[in-house]
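Visitor: I should like to learn how the features of a structural model are read. May we work through one together?

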Amino acid sequence: MKRYAKYLIGLAVIAVVAVLVMFNRNSVQEDIDRASAKQLSVVLDGVEQIYEYSEEDPAYVEFDAQMRKKNGDVYDNHYAGMPLSTILESMGAAIQEDSAVTVTCADQYEIQLTGAEILAEGNVYLVTKENGEPLPEESGSFMLVITQDEFSTRWAKNVVKVSFGA
Ligand SMILES: Nc1nc2c(c(=O)[nH]1)N[C@H]1C(S)=C(S)[C@@H](COP(=O)(O)O)O[C@H]1N2
Ligand SMILES: [Mo]
């Protein structure tokens, strides 16, 4: 009887873990599907909203930025995108210098930004075009560009979610 109970508890634990894994996979897949439709999942203090990205928005601008990889490669690129501050503010975020923002990608790559970085003029953009063309496949619908970073380590490709905490 005791052994039987242990067996049941073991099965229950496995079932719960399986459900949690499936739930997590589904929510990531949902975010990926949305991003393909130029919709961005924006989480404000734990509440998820959908941002409709539009290249027709007057805040959508073109700019130059140098991509510097850690291996020494340097690329002079021209991008078109929206300032991340504009996106977050249009969703109702009150960005402070010490706000914390997490950017999540389709491959689960995550990077962190501070409010100060996002508020810095001409620094953080969510882009959809590189050198006049739609982004290459591996960069997804949205790529993060941080013009004032020394290296492009945080230039997150294939962004699907932005989480904001005041
Ligand atoms: N989604 C995602 N974005 C990412 C990465 C990654 O692993 N996943 N790597 C980063 C790093 S370390 C660099 S240098 C730049 C450029 O990467 P590349 O050398 O693969 O072009 O992308 C950044 N963005
Ligand atoms: Mo890198």
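Guide: The dialogue below goes from the overall fold to aromatic pairs, salt bridges and the surface. Please keep in mind that this is a predicted model.

Visitor: How many helices and strands are there in the protein?

Guide: The protein has three helices and 10 strands. Their order along the sequence is α-β-β-β-β-α-β-β-α-β-β-β-β. The radius of gyration is 19 Å, well over the 15 Å that the globule rule gives for 166 residues, so the protein is more spread out than a compact globule.

Visitor: What does the C-alpha trace span along its principal axes?

Guide: The C-alpha trace spans about 70 × 35 × 30 Å. A single pair of residues gives a sense of distance within the model: Gln-49 and Ala-5 are 44 residues apart in sequence and 43 Å apart in space, C-alpha to C-alpha.

Visitor: What share of the residues is buried, and what share of the contacts joins residues at least 24 apart?

Guide: Of the 166 residues, 38% are buried. Among contacts between residues at least 6 apart in sequence, 56% join residues at least 24 apart.

Visitor: Let us turn to aromatic side chains. By what is a pair of aromatic rings described?

Guide: The general description uses the distance of the centres and the angle of the planes. In this structure, a search of the whole model finds six aromatic pairs. One of them joins Phe-63 and Tyr-79, with 6.0 Å from centre to centre and 35 degrees between the planes, and it is tilted. Phe-63 belongs to strand S3 (residues 61-68) and Tyr-79 to strand S4 (residues 74-83), so the pair ties together parts that are 16 residues apart in sequence.

Visitor: Are Phe-63 and Tyr-79 buried or exposed?

Guide: Both Phe-63 and Tyr-79 are buried. Phe-63 also forms an aromatic pair with Tyr-125; this pair is stacked, at 3.9 Å centre to centre and 20 degrees between the planes. Here the pair links distant parts of the chain, since Phe-63 is in strand S3 and Tyr-125 in strand S7 (residues 124-130), 62 residues apart. Tyr-125 is buried, as is Phe-63.

Visitor: Which residues form one aromatic cluster?

Guide: One aromatic cluster is formed by Tyr-51, Tyr-53, Tyr-60 and Phe-142.

Visitor: I should now like to consider charged side chains. How does one recognise a salt bridge, and how many are counted here?

Guide: The test is a side-chain nitrogen of Lys or Arg within 4 Å of a carboxyl oxygen of Asp or Glu. By this rule the count is eight salt bridges. In one of them, the side chains of Glu-30 and Arg-34 meet at 3.3 Å, N to O. Both residues lie in helix H1, four residues apart, about one turn of the helix. Glu-30 is partly exposed, with a relative accessible area of 44%, whereas Arg-34 has a relative accessible area of 19% and is buried.

Visitor: Why does 19% make Arg-34 buried?

Guide: Buried means under 20% relative accessible area, so Arg-34, at 19%, is buried. The side chain of Arg-34 also meets that of Glu-48 in a salt bridge of 3.9 Å, N to O. This pair links distant parts of the chain: Glu-48 is in strand S2 and Arg-34 in helix H1, 14 residues apart. Glu-48 counts as partly exposed at 40% relative accessibility. Through shared partners, salt bridges join Glu-30, Asp-31, Arg-34, Glu-48 and Lys-161 into one network.

Visitor: How far apart are the closest N and O atoms in the salt bridge of Asp-149 with Arg-154?

Guide: In that salt bridge the closest N and O atoms are 2.9 Å apart. Asp-149 and Arg-154 are both buried.

Visitor: What are the surroundings of Gln-49, which residues is it in contact with?

Guide: Gln-49 lies in strand S2 (residues 47-52) and is partly exposed, with a relative accessible area of 30%. Leaving aside neighbours within four places in sequence, Gln-49 is in contact with Leu-40, Ser-41, Val-42, Leu-44 and Met-91.

Visitor: Finally, which residues make a nonpolar surface patch?

Guide: Tyr-4, Tyr-7, Leu-8, Leu-11 and Ile-14 make a nonpolar surface patch of about 570 Å². Tyr-4 lies in helix H1 (residues 2-36) and counts as exposed, at 51% relative accessibility. For the protein as a whole, about 9,700 Å² is exposed, and carbon and sulfur atoms supply 54% of it.

Notes
Residues numbered from 1 in each chain as written. Chains lettered and ligands numbered in written order. Predicted model: local features only at pLDDT ≥ 70, side-chain atom pairs only at ≥ 80, totals over all residues. Heavy atoms only, no water. Patch = residues over 30% accessible without salt bridge, like charges linked within 9 Å, V, L, I, M, F, W, Y side chains within 5 Å. Areas by Shrake-Rupley, 256 points an atom, 1.4 Å probe, with all protein chains shown as cover. Helix = DSSP H or I, 4+ residues; strand = E, 2+ residues; numbered from the N terminus. Buried < 20%, exposed > 50% of the residue type's maximum accessible area, 1.4 Å probe, protein only. Rg over C-alpha atoms; globule rule 2.2 N^0.38 Å. Contact = heavy atoms within 4.5 Å. Phe/Tyr/Trp six-rings, centres within 6.5 Å; stacked < 30°, edge-to-face > 60°.
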